[in-house]
Amino acid sequence: MPQGTPKKSHGILAQAGLEPYQEKAGEEYMSAEQRNHFRKILEVWRAQLREEVDRTVHHMKDEAANFPDPVDRAAQEEEFSLELRTRDRERKLIKKIEKTLHKIEADDFGFCDSCGIEIGIRRLEARPTADQCVDCKTLAEIKEKQMTGA
C-alpha cells in the first residue's frame, strides 16, 4: 500500500462511518466509551436494515403485476420469495441487534455467554452481535457438526 494512502475499513464499521476503536493505555475493558462505540455501530446497522425492509415492501407493492404469461408470473413469484426470505433473515438480525443493545444497557456486553471471558474489541467490531468467544463458538460448531453427522 503506498505511503500516505489511508487504510480502508470495510463492513459494519465503514457503514456506520466509524473508525476502529483505539484502546487507551490502562483503559478498562468495556468502558463507557467502548459501549458507546458499539451502541453507535448497532444503531446504524439496525437503521439500515429497517430501511431495507421498508424498501422491499414498497418494491413488492410497486412490482405486483398480473402477468398473463405463466413463466413471467413464476419468475416474479420466485423473486418475491427470495426477497421475503432475505427480509426474514434481516428481521431476525434486527431482533438480535436489539437483544445486544439491551445487553449493552445492562452492562453485560462483550463477555462470552459460555465461559465468561472477554470476547475482544476486534471480534466485536467484526461481529457486534457475537455472544461467544472464538474458542467457545468453534467448539459449538464442532458439536453441531457431530450432532448432524456432517
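**A polar contact at Gln-132 and the surrounding all-helical model**

The side chains of Gln-132 and Ser-114 make a polar contact at 2.8 Å. The model is predicted. Gln-132 sits in the loop between H4 and helix H5 (134–148). Its relative accessible area is 15%. Gln-132 therefore counts as buried, the limit being under 20%. Beyond residues up to four places away in sequence, Gln-132 touches Cys-112, Ser-114, Ile-119, Arg-123, Lys-137 and Ala-140. One of these, Ile-119, is 13 residues from Gln-132 in sequence. In space, the two C-alpha atoms are 6.6 Å apart.

The overall architecture is helical. The protein has five helices and zero strands. Along the sequence the pattern reads α-α-α-α-α. The protein has 150 residues, of which 30% count as buried. Among contacts with a separation of 6 or more, 55% join residues 24 or more positions apart.

Helix H4 contributes a buried acidic residue. Glu-125 lies in this helix. The relative accessible area of Glu-125 is 6%, so the residue is buried. A polar atom of the Glu-125 side chain lies 2.6 Å from the backbone nitrogen of Tyr-21. Tyr-21 is also among the residues that Glu-125 touches. The others are Leu-13, Glu-19, Pro-20, His-37 and Phe-38, with residues up to four places away in sequence not counted.

Aromatic packing was examined next. The count comes to two aromatic pairs. One of them joins Tyr-29 and Phe-111. The ring centres are 5.2 Å apart, and the planes meet at 80 degrees. This geometry is edge-to-face, because the angle is over 60 degrees. The pair links distant parts of the chain, 82 residues apart. Tyr-29 belongs to the loop between helix H1 (12–16) and helix H2 (32–63). Phe-111 belongs to the loop between helix H3 (70–105) and helix H4 (121–126). The two partners differ in burial class: Tyr-29 is buried, at 13% relative accessible area, whereas Phe-111 is partly exposed, at 30%.

Two loop residues have notable backbone angles. Most residues other than glycine have a negative phi. Met-30 is not a glycine, yet has a positive phi of about 60 degrees. Met-30 is found in the loop between H1 and H2, the loop that also holds Tyr-29. With a relative accessible area of 4%, Met-30 is buried. Asp-107 likewise has a positive phi, near 60 degrees. Asp-107 is placed in the loop between H3 and H4. Phe-111 lies in that loop as well.

The interior was also searched for enclosed space. One cavity of 30 Å³ or more was counted. The volume of the largest cavity is about 40 Å³. Lining residues include Lys-96, Lys-99, Thr-100 and Lys-103. Phe-109, Thr-129, Ala-130 and Asp-131 also line the largest cavity. By class, the lining divides into four charged, two polar and two nonpolar residues. The charged residues are Lys-96, Lys-99, Lys-103 and Asp-131. The polar residues are Thr-100 and Thr-129. Phe-109 and Ala-130 make up the nonpolar part.

How values were computed
Residues are numbered from 1 along each chain as its sequence is written. This is a predicted model: local features need pLDDT of at least 70, side-chain atom pairs count only at pLDDT 80 or more; totals for chains, interfaces and linings use all residues. Side-chain values use heavy atoms; hydrogens and water are left out. Rings of Phe, Tyr and Trp (its six-membered ring) pair if their centres lie within 6.5 Å; planes under 30 degrees apart count as stacked, over 60 as edge-to-face and the rest as tilted. Helices (H or I, at least four residues) and strands (E, at least two) are DSSP runs, numbered from the N terminus. Buried means under 20% relative accessible area, exposed over 50%, partly exposed in between (1.4 Å probe, protein chains only). A polar contact is a pair of N or O atoms within 3.5 Å; within protein, one must be able to donate a hydrogen and the other to accept it, and residues adjacent in sequence count only if both atoms are side-chain atoms. Contact means heavy atoms within 4.5 Å. On a 1 Å grid over the protein atoms alone, a cavity is a set of points where a 1.4 Å probe fits but cannot get out, and a pocket is an open set with protein on both sides within 12 Å along at least five of seven lines; lining residues have an atom within 4 Å of a point. Grid points are joined across faces, edges and corners, and a volume is the space filled by probe spheres set on the points.
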